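Colleague: Could you take me through one part of this model up close? I'd like the local details first and the whole chain after that.

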Amino acid sequence: MATSRPLFIAVAGNIGAGKSSLTRLLADRFTWKPYYESVDDNPYLADFYGDMLRWSFHLQMYFLANRFKSHKQIVESGTSVIQDRSIYEDAEIFARNLYEMGRMTERDYTTYVSLFHVMMTYLKPPDLMIYLRASVDTLVQQIGKRGRDFEKGIERAYLERLNSHYEDWIRRYTIGPLLIVPTDDLDFVHRPQDFKYLAALVHRALQLIDMF
């Protein structure tokens, strides 16, 4: 590894892009501590997919609070960590998308964004952001394979809008090193050669961290 200091790596990407799987695999490969997105124990997620307008603000506030806590713990931990989904995606992608779709009120969105910007003044950005770029067809296929009940009602148009917001955010991402990984032709979970290739990309990106 190019640097001996503790590293903070974040994995970004749309629903079904493979963030959790990659987080687990890279944590094992590089001996990093993994931080996973809170999904199974999220008290709002099922209600949200049933009625987005009613529950969008609650869901986004839950994610924001949990990711702020995790981000702070990561920076202060003194160990190398990889995080499944970053706090930046909450505001840049999901809350913004819900507001633009009319599924979060202007009042709630304004309150949310105001709190997000205050939080950002206290947080150090990741040493490396890994963005998993996937087409909507790939996302739909991956979501279907994992078979989570609360994800069965996700609309294709919703995933398309999220992908558009992800691409816009990534174009504007300048707060730290960024590695973009197209994943449509990769299966890093089931094909060892694909994961080896991806891990090599990450290793090379890490060698350039101190040059940023």
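What follows is a close look at one helix, then at a few other residues and the chain around them.

Colleague: Let's take helix α7, residues 156–172. Which of its residues are buried, and what does Y158 touch?

Modeller: Sure, and keep in mind that this is a predicted model. Helix α7 has 17 residues and reaches 25 Å from its first C-alpha to its last, close to the 24 Å expected at 1.5 Å a residue. The buried residues in α7 are Y158, L159, L162, N163, H165, Y166, E167, D168, W169 and I170. As a rule of thumb, an α-helix has 3.6 residues a turn, so residues three or four places apart point the same way. In this helix, Y158, L162, H165 and W169 are among the buried ones, and so are L159, N163, Y166 and I170. The charged names E167 and D168 are on the buried list too.

Now zoom in on Y158, which is found in α7. Its relative accessibility is 1%, and the cut-off for buried is under 20%, so Y158 counts as buried. Leaving out residues up to four places away in sequence, Y158 touches I15, F48, M52, F94, N97, L98 and M101. For a sense of distance across the model, take R5: Y158 and R5 are 153 residues apart in sequence, and their C-alpha atoms are 40 Å apart in space.

Two names on that contact list come up again with R103. That residue sits in the loop between α4 (87–100) and α5 (106–120). Not counting residues up to four places away in sequence, R103 touches M52, L53, S56, L98 and E155, while M52 and L98 also touch Y158. R103 can be tied back to the start of α7 as well: R103 and R156 are 53 residues apart in sequence and 16 Å apart in space, C-alpha to C-alpha.

M52 leads on to helix α3, which covers residues 52–76 and holds S70. S70 has a relative accessible area of 18%, so it is buried under the 20% cut-off. With neighbours within four places in sequence set aside, S70 is in contact with Y35 and Q83.

Two backbone oddities are worth a click. T31 has a positive phi of about 60° although it is not a glycine, and R85 has a positive phi of about 70°, again without being a glycine. Both lie in loops: T31 between α1 (19–30) and β2 (33–35), R85 between β3 (81–84) and α4. Their surroundings contrast, though. T31 counts as exposed at 69% relative accessibility, whereas R85 counts as buried at 5%.

Zooming out, the protein chain has eight helices and five strands, and from the N terminus on they run β-α-β-α-α-β-α-α-β-α-α-β-α. Among contacts between residues at least 6 apart in sequence, 78% join residues at least 24 apart. With 212 residues, a compact globule would have a radius of gyration near 17 Å, and the chain's 17 Å agrees. The C-alpha atoms fill a box of roughly 45 × 40 × 30 Å along the principal axes. Buried residues make up 51% of the chain. The chain exposes about 10,500 Å², with carbon and sulfur atoms supplying 51% of that area. As for charge, there are 26 positive and 27 negative side chains, and the centres of the two sets lie 3 Å apart.

Notes
Residues numbered from 1 in each chain as written. Predicted model: local features only at pLDDT ≥ 70, side-chain atom pairs only at ≥ 80, totals over all residues. Heavy atoms only, no water. Helix = DSSP H or I, 4+ residues; strand = E, 2+ residues; numbered from the N terminus. Expected span 1.5 Å × (residues − 1). Buried < 20%, exposed > 50% of the residue type's maximum accessible area, 1.4 Å probe, protein only. Rg over C-alpha atoms; globule rule 2.2 N^0.38 Å. Contact = heavy atoms within 4.5 Å. Areas by Shrake-Rupley, 256 points an atom, 1.4 Å probe, with all protein chains shown as cover. Lys, Arg positive; Asp, Glu negative; His and termini not counted. Charge placed at Lys NZ, Arg CZ, Asp CG, Glu CD.
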